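Open the model in your viewer and turn on the cartoon view. Keep the selection tool at hand for the stops below.

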Amino acid sequence: RFDPFGFDLMAVRPGRTLGVQVTSASNASDRRKKLNANPKTRAWIDAGNEALLLTWWRRGNSKKWVIHKREVIQ
């Protein structure tokens, strides 16, 4: 498996490029630390791109999943 610049997904539109990492809520802290420590991620940000961490979790006992958006690097 290969995650360029440390991301699972890349979204591109004119004037904006976004790297997206997706993980479970329980792994969010470790994933954020890993991305922040990755020199490729720093190069991505320094080049003017954006980084986003999306975390998922199940709400209570329901079958609904909830997403939370977090910036990786500010």
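Start by selecting Phe7, which lies in the segment before E1. Keep in mind that you are looking at a predicted model. Is Phe7 buried or exposed? Phe7 is buried, because its relative accessible area is 1%, and the cut-off for buried is under 20%.

Now show what surrounds Phe7. Set aside its neighbours within four places in sequence. The contacts of Phe7 are then Gly19, Val20, Gln21, Leu35, Thr41, Trp44 and Ala51. Next, draw a distance from the C-alpha atom of Phe7 to that of Ile67. The two residues are 60 apart along the chain, and their C-alpha atoms are separated by 17 Å.

**Zoom out to the whole chain**

Show the full cartoon. How many helices and strands are there in the chain? The chain has two helices and four strands. Follow the chain from the N terminus, and the elements come in the order β-β-α-α-β-β.

The chain has 74 residues, and buried residues make up 28% of them. Along the principal axes, the C-alpha atoms fill a box of roughly 40 × 30 × 25 Å. Take the contacts with a separation of 6 or more: residues 24 or more positions apart account for 49% of them.

**Select the sheet**

Colour the strands one by one. The four strands form an open sheet, in the order E1-E2-E3-E4, with mixed pairing. Why is one side of E1 and of E4 left without a neighbour in the sheet? E1 and E4 stand at the edges and each has a single partner strand, so one side of each stays without a neighbour. Look along the sheet, and the twist averages 25° from one strand to the next.

A word on pairing in general: strands of a sheet pair through backbone hydrogen bonds, and they do so either parallel or antiparallel. Both kinds are worth finding here.

Select E2 (residues 16-24) and E3 (residues 50-58). E2 and E3 run parallel and are joined by seven bridges. Pick out two pairs along the way. Leu18 has Glu50 in E3 as its bridge partner, and Gly19 stands opposite Ala51 in E3. You have met Gly19 and Ala51 already, as contacts of Phe7.

Now add E4 (residues 65-71). E3 and E4 pair in the antiparallel sense, over seven bridges. Find Thr55, which stands opposite His68 in E4. Then trace the link: E3 and E4 form a hairpin with six residues between them. Stop in the turn at Gly60, which has a positive phi of about 55°.

**Add the helices**

Select H1 (residues 28-37). H1 packs on the sheet and touches E2, E3 and E4. The direction of H1 makes about 140° with that of E2.

Then select H2 (residues 39-46). Which strands does H2 lie across? H2 lies across E1, E2 and E3, and runs at about 120° to E3.

**Between helix and sheet**

Go to Ala28, in helix H1. Ala28 counts as buried because its relative accessibility is 2%. Leaving out neighbours within four places in sequence, Ala28 is in contact with Thr23, Leu53, Thr55 and Arg70. Draw a line from the C-alpha of Ala28 to that of Trp56. These residues are 28 apart in sequence, and the line spans 9.1 Å.

Step across to Thr23, whose place is in strand E2. Thr23 is buried, with a relative accessible area of 11%. Beyond its neighbours within four places in sequence, the contacts of Thr23 are Ala28, Arg31, Leu53, Leu54, Thr55 and Trp56.

**Finish on the surface**

Switch to the surface view. The chain exposes about 5,400 Å², and carbon and sulfur atoms supply 53% of that area.

Which residues make the nonpolar surface patch? Select Leu9, Val22, Trp56, Trp65 and Ile67, which form a patch of about 460 Å². Ile67 was the far end of your distance from Phe7, and Trp56 is a contact of Thr23.

End at Leu9, found in strand E1 (residues 9-13). Leu9 is partly exposed, with a relative accessible area of 48%. Set that beside Phe7, where you began: Phe7 is buried, at 1%.

Methods
Residues are numbered from 1 along each chain as its sequence is written. This is a predicted model: local features need pLDDT of at least 70, side-chain atom pairs count only at pLDDT 80 or more; totals for chains, interfaces and linings use all residues. Side-chain values use heavy atoms; hydrogens and water are left out. Buried means under 20% relative accessible area, exposed over 50%, partly exposed in between (1.4 Å probe, protein chains only). Contact means heavy atoms within 4.5 Å. Patches are made of residues with over 30% relative accessible area and no salt bridge: like charges are joined within 9 Å, nonpolar side chains (Val, Leu, Ile, Met, Phe, Trp, Tyr) within 5 Å. Accessible areas come from the Shrake-Rupley method with a 1.4 Å probe; for residues, only the protein chains shown count as cover. A salt bridge is a side-chain nitrogen of Lys or Arg within 4 Å of a carboxyl oxygen of Asp or Glu. Two strands pair if DSSP finds at least two bridges between them. Axes are lines fitted to C-alpha atoms, for helices over the stretch in contact, and angles run from 0 to 180 degrees between N-to-C directions.
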